[in-house]
Amino acid sequence: MNIQQAKEQIRQAVMIYLMKDEYGNYRIPLERQRPVFLIGAPGIGKTAIMEQIARELDISLVSYSMTHHTRQSALGLPFISRKSYQGEACNVSEYTMSEIIASMYENMEKSGKKEGILFLDEINCVSETLGPSMLQFLQYKTFGNHQLPRGWVVVTAGNPPEYNRSVHEFDIVTLDRLKVLKAEPDYATWKTYAEKQGIHKAIQSYLDINPDDFYSIETTVDGKNYVTARGWEDLSEAIFLYEEQSFPVDEMLIGQYL
């Protein structure tokens, strides 16, 4: 599927997960809400569509790249608390609230919105020490001792292994807890987006003539060559400002983005 089709599938999943019965209870309980796992090549717009979905549904969005997290930041920091069990006092290890969970509560306080999407990018690149905890989160929606707030839907994303050497392929146990979508680069879909976003006409004209140049990642004897949708959009912004300053728009500039 293309990224626009993936967006619609995710939007529909979020909508049914947030449906309630006449008593105000979510019709699909939290433990049965399979997190979405969107697999797609770098730069095709995974983060962008999440922002669009949240805006269209008027709900919050909290985004994290999981490659930046350690076990401690995801689960919280350990501390010792004093407790009594059956009359006997003892020290017990507990954890502070996860940075990720805390940021969701902070978002609710600031926005006033109680429902939202937790978007965890590069989920298949987590460290080995964090891996078991992530599996627990995907199944039970808990980090450490703290559960995902009611009304929040988990959407995850990752790159295929051919694009990232840090990828850990999920086993069947993990995949069986996810709603898996695979998105492929598609120029016709991106063209519609480019027109709405006001991408520089020179880029649109070039890609209309050379659509096969829209997306490419390959390894050559000289290293990696890559052209992504993100690269075209960033180049567009640069061209507008270069033209404003009468700077030359040449191959040297283009090569910094593509």
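## Exercises on a pocket and its helices

Of the elements that line the largest pocket, α2 gives the largest share, with seven residues. The model is a predicted one, and the exercises below start from this pocket and then follow the packing of helices.

**Exercise 1.** Describe the largest pocket by its space, its lining and the classes of its lining residues.

*Solution.* Begin with the space, which amounts to about 760 Å³ in the largest pocket. Next take the lining, which is made of 34 residues, with I44, G45, A48, I49 and Y193 lying nearest the centre of the pocket. Then assign the helices: α1 (3-17), α2 (46-57), α7 (187-197) and α9 (229-244) each supply at least two residues of this lining. Finally sort the lining by class, which yields 11 nonpolar, 11 polar and 12 charged residues.

**Exercise 2.** Determine how α1 and α2 are oriented to each other, and which residues make their contact.

*Solution.* The first step is the geometry, in which the two helices pack at an angle of about 45° while their axes stand 10 Å apart. Angles under 35 degrees count as roughly parallel and those from 65 to 115 as roughly perpendicular, and α1 and α2 are therefore oblique to each other. As for handedness, the crossing of α1 and α2 is right-handed. On the α1 side the contact is made by I3, K7, I10, R11, V14 and M15, and on the α2 side by K46, I49, M50, Q52, I53, E56 and L57. Sorted by class, the contact of α1 with α2 holds eight nonpolar, one polar and four charged residues.

**Exercise 3.** Work out the orientation of α7 to α8, and then that of α8 to α9.

*Solution.* Start with α7 and helix α8 (residues 201-209), which pack at an angle of about 160° with their axes 11 Å apart. Because angles over 145 degrees count as roughly antiparallel, α7 is roughly antiparallel to α8. The crossing of α7 and α8 is left-handed, and the contact joins Y187, W190, K191, A194 and E195 of α7 to I203, Q204, L207 and D208 of α8. By class, this contact of α7 with α8 comprises five nonpolar, one polar and three charged residues.

Turn then to α8 and α9, whose axes come within 9 Å and cross at roughly 140°. That angle makes α8 oblique to α9. The contact is made by I203, Y206 and L207 of α8 together with W232, L235, S236 and I239 of α9, and the residues of the contact of α8 with α9 divide into six nonpolar, one polar and no charged.

Terms used:
Residues are numbered from 1 along each chain as its sequence is written. This is a predicted model: local features need pLDDT of at least 70, side-chain atom pairs count only at pLDDT 80 or more; totals for chains, interfaces and linings use all residues. Side-chain values use heavy atoms; hydrogens and water are left out. On a 1 Å grid over the protein atoms alone, a cavity is a set of points where a 1.4 Å probe fits but cannot get out, and a pocket is an open set with protein on both sides within 12 Å along at least five of seven lines; lining residues have an atom within 4 Å of a point. Grid points are joined across faces, edges and corners, and a volume is the space filled by probe spheres set on the points. Helices (H or I, at least four residues) and strands (E, at least two) are DSSP runs, numbered from the N terminus. Ala, Val, Leu, Ile, Met, Phe, Trp, Tyr, Cys and Pro count as nonpolar, Asp, Glu, Lys and Arg as charged, and the others, Gly among them, as polar. Axes are lines fitted to C-alpha atoms, for helices over the stretch in contact, and angles run from 0 to 180 degrees between N-to-C directions. A crossing is left-handed if the near helix is turned anticlockwise from the far one by less than a right angle, and right-handed if clockwise. Contact means heavy atoms within 4.5 Å.
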